[in-house]
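The following exercises are to be worked through with the sequence and the coordinates at hand. Each task is followed by a solution that proceeds step by step.

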Amino acid sequence: TVCAAIRDDIRSSMESVQNLALSAVGNKGGKRITAALAPDVREVLFSRGTFPAVRRRAAVTMLRLVRVDPTVLPLAEYGGRVVALLDDSDFGVKQAVLALMLGLSPKSPENFVSCVPHVVRLLHLVCGRRIREDYIYHHTYAPFFQVRCLRLLQVFEKPSDASINTMLNDALRHIMTHT
């Protein structure tokens, strides 16, 4: 009955109700709740109609569920869809998806190799100061985002594409000299 109530809240059309339900799943969910509600969390995470704040919460909740039971998100099937979430227009969603990928990619890097160009482009955009000024912290643009990008890139080999490699080198040079 608890799972049914949380499922109804996850499927609600109200953003605040969905966020509270996802928080409950992420914070209190054990194996039974994970098994029962992982499909609903997946649906919210990959749904196009999901509010950005809910999608952020769903990504973090999915990371928690995967830590409880790695089989709830089959990476061979969903790895590409997770990478596609990096194209979301909301910067907070990108940050949450990077956290999810940081939790998933060390176990199965072959499913996330396609994220390298996306992550390098995002890092290059942040270093080029082409994001909102809301993300400046002590004169550094989105430092926590930069760290997540760099930590994720450590999992993979150096990019073979020359243009991606150049963008990565420019971003690293900027980080080293302007931070």
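A residue is called buried when its relative accessible area is under 20%, exposed when this area is over 50%, and partly exposed in between. The model examined here is a predicted one.

**Exercise 1. Accessibility classes**

Task: Determine whether Arg-48, Arg-151 and Ala-142 are buried, partly exposed or exposed.

Solution.
Step 1. Arg-48 is situated in the loop between H3 and H4. Its relative accessible area is 83%, so Arg-48 is exposed.
Step 2. Arg-151 belongs to helix H8. Because its relative accessibility is 48%, Arg-151 is classed as partly exposed.
Step 3. Ala-142 is placed in the loop between S2 and H8. With a relative accessible area of 5%, Ala-142 is therefore buried.
Step 4. The backbone of Ala-142 also deserves attention. Most residues other than glycine have a negative phi. Ala-142, although not a glycine, has a positive phi of about 45 degrees.

**Exercise 2. Helix H3**

Task: Compare the span of helix H3 with the expected value, then locate its bend and describe its packing.

Solution.
Step 1. Helix H3 covers residues 31-46, which is 16 residues. The expected span is 1.5 Å multiplied by one less than the number of residues. For H3 this gives 22 Å, and the end C-alpha atoms lie 22 Å apart, so the two values agree.
Step 2. A bend of about 50 degrees occurs in H3 at Leu-37, and the proline Pro-39 follows within four residues.
Step 3. The buried residues of H3 include Leu-37, the site of the bend. Among the others are Ile-33, Thr-34, Ala-38, Val-41 and Phe-46.
Step 4. The packing partners of these buried residues are helices H1 (2-10), H2 (15-28), H4 (52-68), H5 (75-84) and H6 (91-104).

**Exercise 3. Helix H4**

Task: Carry out the corresponding analysis for H4, covering its span and its buried residues.

Solution.
Step 1. H4 contains 17 residues, for which 24 Å is expected at 1.5 Å a residue. From first C-alpha to last, H4 reaches 25 Å, close to that expectation.
Step 2. Buried positions in H4 include Ala-53, Val-54, Arg-55, Met-62, Leu-65 and Val-68.
Step 3. The buried residues of H4 pack against H2, H3 and H6.

**Exercise 4. The largest pocket**

Task: State the volume of the largest pocket and classify the residues that line it.

Solution.
Step 1. The volume of the largest pocket is about 210 Å³.
Step 2. The lining is formed by Phe-46, Ser-47, Arg-48, Arg-55, Arg-81, Ala-84, Leu-85, Asp-87 and Asp-88.
Step 3. By class, five of these residues are charged, three are nonpolar and one is polar.
Step 4. Two lining residues were met above: Arg-48, which is exposed, and Arg-55, which is a buried residue of H4.

**Exercise 5. The largest cavity and Thr-140**

Task: Describe the largest cavity, and place Thr-140 in relation to its lining.

Solution.
Step 1. The structure has one cavity of 30 Å³ or more. The largest cavity encloses about 60 Å³ of space.
Step 2. Helix H7 (115-127), strand S2 and helix H9 (162-178) each contribute at least two lining residues. H9 provides the largest share, with three residues.
Step 3. The lining consists of six polar residues, four nonpolar residues and one charged residue.
Step 4. Thr-140 is part of this lining, as are Gln-146 and Thr-179. Thr-140 lies in strand S2 (residues 140-141), and because its relative accessibility is 14%, it is buried.
Step 5. Beyond its neighbours up to four places away in sequence, Thr-140 touches Tyr-135, Gln-146 and Thr-179.
Step 6. Gln-146 is also one of the buried residues of helix H8 (residues 143-153). The buried residues of H8 pack against H6, H7, S1 (136-137), S2 and H9.

**Exercise 6. Met-167 and residues distant in sequence**

Task: Which residues does Met-167 contact, leaving aside its neighbours within four places in sequence?

Solution.
Step 1. Met-167 is located in helix H9.
Step 2. Its contacts of this kind are Val-120, Arg-121 and His-124.
Step 3. The C-alpha atom of Met-167 is 8.7 Å from that of Leu-123, with their positions 44 residues apart along the chain.
Step 4. Separation in sequence can also accompany a longer C-alpha distance: Arg-48 and His-138, 90 residues apart along the chain, are separated by 34 Å. For Arg-151 and Pro-52, 99 residues apart in sequence, the C-alpha distance is 24 Å.

Methods
Residues are numbered from 1 along each chain as its sequence is written. This is a predicted model: local features need pLDDT of at least 70, side-chain atom pairs count only at pLDDT 80 or more; totals for chains, interfaces and linings use all residues. Side-chain values use heavy atoms; hydrogens and water are left out. Buried means under 20% relative accessible area, exposed over 50%, partly exposed in between (1.4 Å probe, protein chains only). Contact means heavy atoms within 4.5 Å. On a 1 Å grid over the protein atoms alone, a cavity is a set of points where a 1.4 Å probe fits but cannot get out, and a pocket is an open set with protein on both sides within 12 Å along at least five of seven lines; lining residues have an atom within 4 Å of a point. Grid points are joined across faces, edges and corners, and a volume is the space filled by probe spheres set on the points. Ala, Val, Leu, Ile, Met, Phe, Trp, Tyr, Cys and Pro count as nonpolar, Asp, Glu, Lys and Arg as charged, and the others, Gly among them, as polar. The bend at a residue is the angle between axes fitted to the seven residues ending there and the seven starting there.
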